[in-house]
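Visitor: I would like a close look at a single part of this structure, the open sheet and what surrounds it. Could you walk me through it, strand by strand?

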Amino acid sequence: MSDLLRVEHLKKSFDDFTVLDDINLSVKQGEAVVIVGPSGCGKSTFLRCINGLEEIQEGRVWLDDEVINPTDRGTMKHRERIGMVFQSYDLFPHKTILENATLAPLKVLKRKKAEAEAEALELLDRVGLASRKDSYPRMLSGGQKQRVAIVRALMMHPEILLFDEVTAALDPEMVREVLDVILDLAKQKRTMLIVTHEMAFAKAIADRVIFLDGGQVIEDAGPKQFFESPRTERARKFLSTFEY
Ligand code: ADP
Ligand code: MG
């Protein structure tokens, strides 16, 4: 399979503080790549660079044959090609679940209402929330809201999905229901980049694991290799702080 995403020599600084230094990574169509690393090592910044939300100082990000360049307003098409789900779901409080799911497809993609609603219902059903279509976000639990946020991202038909610690703000009993939705997407061979601190989940879902530390890719390995016999002392130390 060909590479869908390629990151070449990416360097990202905030003023004179370099967060990401010469990052190289490629993701194939259908791959689930998990990114782990200590807090503050630049995982969120990395996803934001991929999504074109941050200017970068050096290097290139390619999505197929499109260069993602946040300063070039002419090539904003990538925004539709990349879906992102964050820790905070940011649903519109005064819109129903169905409206939240269909808003962007109707406005941005100019889809027909009946068609968008039918698709949203199908996706909501898949995450167990079809019966909540007329509810408002405040009536849902955190885990339910996060599942709606995933549906909302899927409604844009992204070619790649970025997940940034989507369960980190959830109560423990709601983590599983959200991770199961992401596991289901992996079964459907969606291309995904997943930042998570849930190591058992990471091990189960990853085709590959990227360990970021000190602004660099320290390991890029298969899940068995990474979790059972990491090559570097830094990864061993990082993993020893988790139970999985
Ligand atoms: P992670 O997601 O791995 O916890 P982040 O990508 O959020 O790490 O942050 C990486 C580093 O970059 C941190 O030191 C953080 O303080 C810094 N940083 C992130 N965003 C900004 C910003 N907008 N301005 C300045 N520094 C930032
Ligand atoms: Mg982060």
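**A close look at the open sheet**

Guide: Gladly! The protein chain has a secondary structure of 9 helices and 10 strands, and please keep in mind throughout that this is a predicted model. Its radius of gyration is 18 Å, close to the 18 Å that the globule rule gives for 244 residues, so the chain is as compact as a globular protein of that length. The C-alpha trace spans about 50 × 45 × 35 Å along its principal axes. Of the 244 residues, 49% are buried. Among contacts between residues at least 6 apart in sequence, 65% join residues at least 24 apart.

Now to the sheet itself. It is open and built from 6 strands, in the order 6-7-8-3-9-10, with mixed pairing. Strand 6 (82-85) and strand 10 (216-221) are the edge strands, each pairing on one side only. From one strand to the next, the twist averages 20°.

Helix 1, covering residues 43-50, packs on this sheet. The helix touches strand 3 (32-36), strand 6, strand 7 (160-164), strand 8 (192-195) and strand 9, and its direction makes about 155° with that of strand 7. Because 6 of its 8 residues are buried, helix 1 is largely enclosed by the rest of the structure. Those buried residues are Lys-43, Thr-45, Phe-46, Leu-47, Cys-49 and Ile-50. Just after the helix comes Gly-52, which takes a positive phi of about 75°. A second helix to look at is helix 6 (residues 172-187), which lies across strand 7 and strand 8 and runs at about 155° to strand 8.

Let us dwell on strand 9. With 6 of its 6 residues buried, strand 9 is largely enclosed by the rest of the structure. Arg-208, Ile-210 and Leu-212 point one way from the strand, while Val-209, Phe-211 and Asp-213 point the other way, and all are buried. Towards strand 3, the pairing of strand 9 is parallel, over 4 bridges, and Ile-35 stands opposite Ile-210 there. Towards strand 10, strand 9 (residues 208-213) runs antiparallel, and 5 bridges join the two. Val-209 stands opposite Ala-221 in strand 10, and Leu-212 has Val-217 of strand 10 as its bridge partner. These two strands form a hairpin with 2 residues between them, and in its turn Gly-214 has a positive phi of about 55°.

Cys-49, from the buried face of our list for helix 1, is worth a second look alongside Cys-41. How many disulfides are there? The count comes to 0. The sulfur of Cys-41 is 13 Å from the closest cysteine sulfur, that of Cys-49, which is too far for a bond, given that a disulfide needs the two sulfur atoms within 2.5 Å. Cys-49 is likewise in no disulfide, since its nearest cysteine sulfur is that of Cys-41, 13 Å away. Both residues are buried: Cys-41 has 6% relative accessibility, and Cys-49 has a relative accessible area of 2%.At the other end of the strand order, consider Arg-81, which is found in helix 2 (residues 78-81). Arg-81 is buried, with a relative accessible area of 14%. Its side chain makes two polar contacts with acidic side chains that you can pick out in the model: one of 3.2 Å to Asp-64 and one of 3.0 Å to Glu-66. Leaving aside neighbours within four places in sequence, Arg-81 is in contact with Leu-63, Asp-64, Glu-66, Pro-158, Glu-159 and Ile-160.

Finally, a glance at some strands outside the sheet order given above. Strand 1 (residues 3-14) and strand 2 (residues 17-28) run antiparallel and are joined by 8 bridges, with Lys-12 opposite Leu-20 in strand 2. Their hairpin has 2 residues between the strands, and Asp-15 takes a positive phi near 50° there. Strand 1 also pairs with strand 4 (residues 58-63), in the antiparallel sense and over 5 bridges. In that pairing, Lys-11 stands opposite Glu-58 in strand 4.

How values were computed. Residues are numbered from 1 along each chain as its sequence is written. Chains are lettered from A and ligands numbered from 1 in the order in which they are written. This is a predicted model: local features need pLDDT of at least 70, side-chain atom pairs count only at pLDDT 80 or more; totals for chains, interfaces and linings use all residues. Side-chain values use heavy atoms; hydrogens and water are left out. Two strands pair if DSSP finds at least two bridges between them. Axes are lines fitted to C-alpha atoms, for helices over the stretch in contact, and angles run from 0 to 180 degrees between N-to-C directions. Contact means heavy atoms within 4.5 Å. Buried means under 20% relative accessible area, exposed over 50%, partly exposed in between (1.4 Å probe, protein chains only). A polar contact is a pair of N or O atoms within 3.5 Å; within protein, one must be able to donate a hydrogen and the other to accept it, and residues adjacent in sequence count only if both atoms are side-chain atoms. The radius of gyration is taken over C-alpha atoms; the globule rule is 2.2 Å times the number of residues to the power 0.38.
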